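Work through the exercises below with the structure open beside you. Try each task before reading its solution.

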Amino acid sequence: MANKRTNSEWLSDLRSEGLEKDDALQDLRAVIVRGLPFALTKWLSSSDPHFAELVEEVAQETLLRVLSHLDTFQGRSQFTTWVQKIAVRLAITELRRKRWQDTSLDELLEVEGSFFGTRLMADPAAGPEVATEQSELLAQMRRLIEEELTEKQQKAMIAVRIHGMPMVEVARRMDMTRNALYKLLHDARLRLKKRMEEQGISSEDVLAAFEN
Amino acid sequence: MQQSDGMLKKLLHHIGKTEAHELECDEIFELLDEYSEAAARGQITEQFLPLVQQHLEQCQCCCEEYEALLSILKSESAQLN
């Protein structure tokens, strides 16, 4: 197998010049290319015509990133695992981008007469009492969201949590980093949780109303 | 729509599980290789990096990447056996 080097040997070879470095890069590329098909089974079939091209592009980009970030490797895992983490991030980011590239955030959220493009209605199959309870709870949730969250938080939360758009893709459209959007949404969840607790609503109670 | 209702239920569940302190995506990325190796060895326990687990439950993007990396590691140990 290509990855018989210890962590120190990988680092040493990649920091050297000439044949040692070339061999290490070649072996590392083989590690990446071998692993990606297992990583991407839920995303893209290895028999898809675009698969080989994606793997090649990701392998190249990964090697560049690895070389420029060698000093950040802290040795808490196998070097190859650290490298494959980078490759997986690159590959899935690209696949997500392609999957969602035709979806506009504004169009997703703009459906006339709805709450940011959702119906959020009671279950039509439920009996009248249950439907009323559900409607009241949904109205309460909707009010909480509208009153507690900033408009940015509302849009992001509905896009991610109700429409299922990946957070990374929402972040891209809102011109934010992934991290910044996670923080925004975390703050939103905290506000809703606190408000629900103040009003004596537990999420379990609300969930139970929809199980009937 | 059924899909909206299902998603709302998930949101409610995640609101309930929200903690005051949560790790951010960048921090998770730093820890992901170590965490994935532990998971591949079957060594994830409640005590081991619970904050990572908590974030993965809240963040589908990070969770997808974790599962993908885990798949690679499991394939490697399958090859060795």
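The exercises go from whole chains to helices, then to the contact, the core and single residues. Keep in mind that the model is predicted.

**Exercise 1. The two chains**

Task: State how many helices and strands chain A and chain B have, and what share of each chain's residues counts as buried.

Solution:
- Step 1. Count the elements of chain A: ten helices and zero strands. Along the sequence, the pattern is α-α-α-α-α-α-α-α-α-α.
- Step 2. Do the same for chain B: four helices and zero strands. Its pattern reads α-α-α-α.
- Step 3. Turn to burial. Chain A has 212 residues, and 33% count as buried. Chain B has 81 residues, with 38% buried.
- Step 4. Look at contacts between residues at least 6 apart in sequence. In chain B, 73% of them join residues at least 24 apart. In chain A, the share at 24 or more positions is 65%.

**Exercise 2. Helix H2 of chain A**

Task: Which residues of H2(A) are buried, and what covers them?

Solution:
- Step 1. Locate the helix. H2 of chain A runs over residues 19–39 and has 21 residues. From first C-alpha to last, H2(A) reaches 30 Å, close to the 30 Å expected at 1.5 Å a residue.
- Step 2. Apply the cut-off: a buried residue has 20 or more other C-beta atoms within 10 Å of its own. In H2(A) this picks out A:Ala24, A:Leu28, A:Val31, A:Ile32, A:Gly35, A:Leu36, A:Phe38 and A:Ala39.
- Step 3. Look down the axis. The buried residues of H2(A) fall within an arc of 140°, so they line one face of the helix.
- Step 4. Check the face turned away from the buried side. There A:Leu19, A:Asp22 and A:Gln26 are exposed.
- Step 5. Find the cover. It includes H1 (7–15), H3 (51–68) and H4 (79–100) of chain A. Helix H4 (60–80) of chain B is also part of the cover.

**Exercise 3. Helix H3 of chain A**

Task: Repeat the analysis for H3(A): which residues are buried, and which helices do they pack against?

Solution:
- Step 1. Take the length. H3(A) has 18 residues and spans 26 Å, close to the 26 Å expected.
- Step 2. List the buried residues of H3(A): A:Val55, A:Val58, A:Ala59, A:Thr62, A:Leu63 and A:Val66.
- Step 3. Place them around the axis. They cover an arc of only 140°, which puts them on the same side of H3(A).
- Step 4. Turn to the other side of H3(A). A:Glu53, A:Leu64 and A:Ser68 are exposed there.
- Step 5. Name the partners. The buried residues of H3(A) pack against H2 and H4 of chain A.

**Exercise 4. Where the chains touch**

Task: Which helix gives the most to the side of chain A that touches chain B?

Solution:
- Step 1. Count the residues in the contact: 40 from chain A and 34 from chain B.
- Step 2. Find the helices of chain A that each supply at least two residues. They are H2, H4, H7 (151–162), H8 (167–173), H9 (178–198) and H10 (203–211).
- Step 3. Pick the top contributor. H9(A) gives the most, with ten residues.
- Step 4. Sort this side of chain A by class: 18 nonpolar, eleven polar and eleven charged residues.

**Exercise 5. Domains and core**

Task: Which residues of the largest nonpolar core touch the most other members?

Solution:
- Step 1. Split chain A into domain 1 (7–100) and domain 2 (107–211). Their C-alpha centres lie 37 Å apart.
- Step 2. Go to the core. Among its 70 residues, A:Ala39, A:Val83, A:Ala87, A:Ala91 and A:Met167 touch the most other members.
- Step 3. Trace the sources. H4(A) supplies the largest share, nine residues. Each of the two domains of chain A gives at least three.
- Step 4. Follow one member. Beyond its neighbours within four places in sequence, A:Ala91 contacts A:Leu36, A:Ala39, A:Leu40, A:Leu54 and A:Val58.

**Exercise 6. Two single residues**

Task: Is A:Asp175 buried or exposed, and where does B:Gln54 lie?

Solution:
- Step 1. Place A:Asp175 in the loop between H8 and H9 of chain A.
- Step 2. Count around A:Asp175: 7 other C-beta atoms lie within 10 Å, so A:Asp175 is exposed.
- Step 3. Check its backbone. A:Asp175 has a positive phi of about 60° although it is not a glycine.
- Step 4. Move to B:Gln54, in helix H3 (residues 50–58) of chain B. With 16 other C-beta atoms within 10 Å, B:Gln54 is partly exposed.
- Step 5. Leave out residues up to four places away in sequence. B:Gln54 then touches B:Glu19 and B:Glu22.

Key:
Residues are numbered from 1 along each chain as its sequence is written. Chains are lettered from A and ligands numbered from 1 in the order in which they are written. This is a predicted model: local features need pLDDT of at least 70, side-chain atom pairs count only at pLDDT 80 or more; totals for chains, interfaces and linings use all residues. A residue is buried if 20 or more other C-beta atoms lie within 10 Å of its own, exposed if 12 or fewer, and partly exposed in between; C-beta atoms are placed from the backbone. Two residues are in contact if their C-beta atoms, placed from the backbone, lie within 7 Å. The expected span of a helix is 1.5 Å times one less than its number of residues. The arc is that of the directions from the helix axis to the C-beta atoms. Ala, Val, Leu, Ile, Met, Phe, Trp, Tyr, Cys and Pro count as nonpolar, Asp, Glu, Lys and Arg as charged, and the others, Gly among them, as polar. Domain bounds come from an automatic or database domain assignment. A nonpolar core is a set of buried Ala, Val, Leu, Ile, Met, Phe, Trp, Tyr and Cys residues joined through C-beta atoms within 7 Å.
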